[in-house]
Amino acid sequence: MSNMDDVKEFSKEDIIQKIQYAKELIEAYKKYPNLDISKLYANLRTLKSIIEKCNTDGKVEHAHAQLAEYLDKAEAYETVRIERWADGIRCPYCRCEKIELLAEENRKLHNYYRYLCSECQQQFNDTAKSPLEEEVPSIDMWMEAWYLYGCTQNISYIAAKLGLDTSLVKSMINELQNLFNTKQPVTKLEEKFDKWQQRFSALEKSIKENILEKTSLLHGKDTSKQARDTAEHRKQHDRKHLLNLRPKS
Ligand SMILES: [Zn+2]
């Protein structure tokens, strides 16, 4: 038995401890955002350019058809995230800026994030404590109104396109202007995205560090050697290791 020498090194306590580290490692991995950010951002740039073109040629009807083509649920949520957290994610309950990104089971489906405030310990998402929270109308419709407003300030036209009351659309636009702290949609998209991406990279970095730390704990003294490996090596090693943790059927 080739592995016997390895096996006998571990006491029961060691194994229990390692299982705990493995669980923590899996939790750390779950926090990884699972989204195709470049495709999303390309779509957002297109949406922005549709607005700009419409402001030049005045073809609102054409712009509306194009907006509908590129504005899906993922883009709608991403727009909320970029517009609302343009200056960094803030806790909607206590205004604290020390925020942790939490694992989210259905993030892949709805591109829906959850955060934890380090100050008041409240959990929240991108629409928490905002008029969008109830999702009536749906986020897609809120954002369709928002993008259309970039093309035309004719509220009756937007209302007719969305099949909503003019007064409702008027208040929706006001709410969005307040929430996003801007008069016009995606006017500073590049700048906001850059800031958001910085913030996002910081979160991603902290998740990576957490994963490395848990991996070190799990591997014990062997990690000093891994620390000299390239990042890609480490990533592959971590992934391989995580696969090995899965129960064999
Ligand atoms: Zn808070």
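**Exercise 1. Place Asn125 in the predicted model and find what its side chain reaches.**

Solution.
Step 1. Locate the residue. Asn125 lies in strand E3.
Step 2. Check its exposure. The relative accessible area of Asn125 is 11%. The cut-off for buried is under 20%, so Asn125 counts as buried.
Step 3. Follow the side chain. It reaches the backbone nitrogen of Thr127 at 3.0 Å. A polar atom of the Asn125 side chain also lies 2.9 Å from the backbone nitrogen of Ala128.

**Exercise 2. Work out the strand order of the sheet that holds E3, and trace its pairings.**

Solution.
Step 1. Set the order. The open sheet has 3 strands, E1-E2-E3, with antiparallel pairing.
Step 2. Find the edges. E1 and E3 (123-125) each pair on one side only, which makes them the edge strands.
Step 3. Add the twist. On average, neighbouring strands are turned by 35° against each other, direction ignored.
Step 4. Take E1 with E2. The two run antiparallel and are joined by 4 bridges. Glu100 has Leu116 of E2 as its bridge partner. Leu101 is partnered by Tyr115 in E2.
Step 5. Take E2 with E3. This antiparallel pair has 3 bridges. Tyr115 has Phe124 of E3 as a bridge partner. Tyr115 thus bridges to Leu101 and to Phe124.
Step 6. Inspect the hairpin of E2 and E3. There are 5 residues between the strands, and Gln121 takes a positive phi near 65°.

**Exercise 3. Describe the site of the zinc ion and say which parts of the chain Cys91 and Cys117 tie together.**

Solution.
Step 1. List the donors. They are the SG atoms of Cys91, Cys94, Cys117 and Cys120, at 2.3 Å.
Step 2. Judge the geometry. The angles among the 4 donor atoms are 103 to 118°. Four donors count as tetrahedral if all angles lie between 85 and 135 degrees, so the site of the zinc ion is tetrahedral. For reference, the ideal angle for four tetrahedral donors is 109.5 degrees.
Step 3. Read the spacing. The donor residues follow C-x2-C-x22-C-x2-C in sequence.
Step 4. Map the pair. Cys91 sits in the loop between helix H5 (73-84) and strand E1 (99-102), and Cys117 in strand E2 (residues 114-117), so the two tie together parts 26 residues apart in sequence.
Step 5. Check exposure. Cys91 and Cys117 are both buried.

**Exercise 4. Describe the ends of helix H8 and identify what covers its buried residues.**

Solution.
Step 1. Start at the N-terminal end. Asn154 caps H8 there, with a side-chain oxygen 3.2 Å from the backbone nitrogen of Ser156.
Step 2. Go past the other end. Gly163 follows H8 and has a positive phi, near 70°.
Step 3. Pick out the buried residues. In H8 (residues 155-162) they are Ile155, Tyr157, Ile158, Ala159 and Leu162.
Step 4. Find the cover. It includes helix H4 (60-70), H7 and helix H9 (166-180).

**Exercise 5. Is Leu148 buried or exposed, and which residues is it in contact with?**

Solution.
Step 1. Place the residue. Leu148 belongs to helix H7 (residues 139-151).
Step 2. Read the accessibility. Leu148 is buried, because its relative accessibility is 0%.
Step 3. List the contacts. Beyond neighbours within four places in sequence, Leu148 is in contact with His64, Leu67, Tyr157, Ile158 and Lys161. Tyr157 and Ile158 are among the buried residues of H8.
Step 4. Take one C-alpha distance. Leu148 and Pro185 are 8.9 Å apart in space, C-alpha to C-alpha, and 37 residues apart in sequence.

How values were computed. Residues numbered from 1 in each chain as written. Predicted model: local features only at pLDDT ≥ 70, side-chain atom pairs only at ≥ 80, totals over all residues. Heavy atoms only, no water. Donors = N, O, S within 2.8 Å, 3.2 Å for Na, K, Ca; no water. Tetrahedral: all angles 85-135°; square planar, octahedral: opposite > 155°, others 65-115°. Buried < 20%, exposed > 50% of the residue type's maximum accessible area, 1.4 Å probe, protein only. Pairing = 2+ DSSP bridges. Axes fitted to C-alpha atoms, helices over the stretch in contact; angles between N-to-C directions. Polar contact = N/O pair within 3.5 Å; in protein donor to acceptor, adjacent residues only side chain to side chain. Contact = heavy atoms within 4.5 Å.
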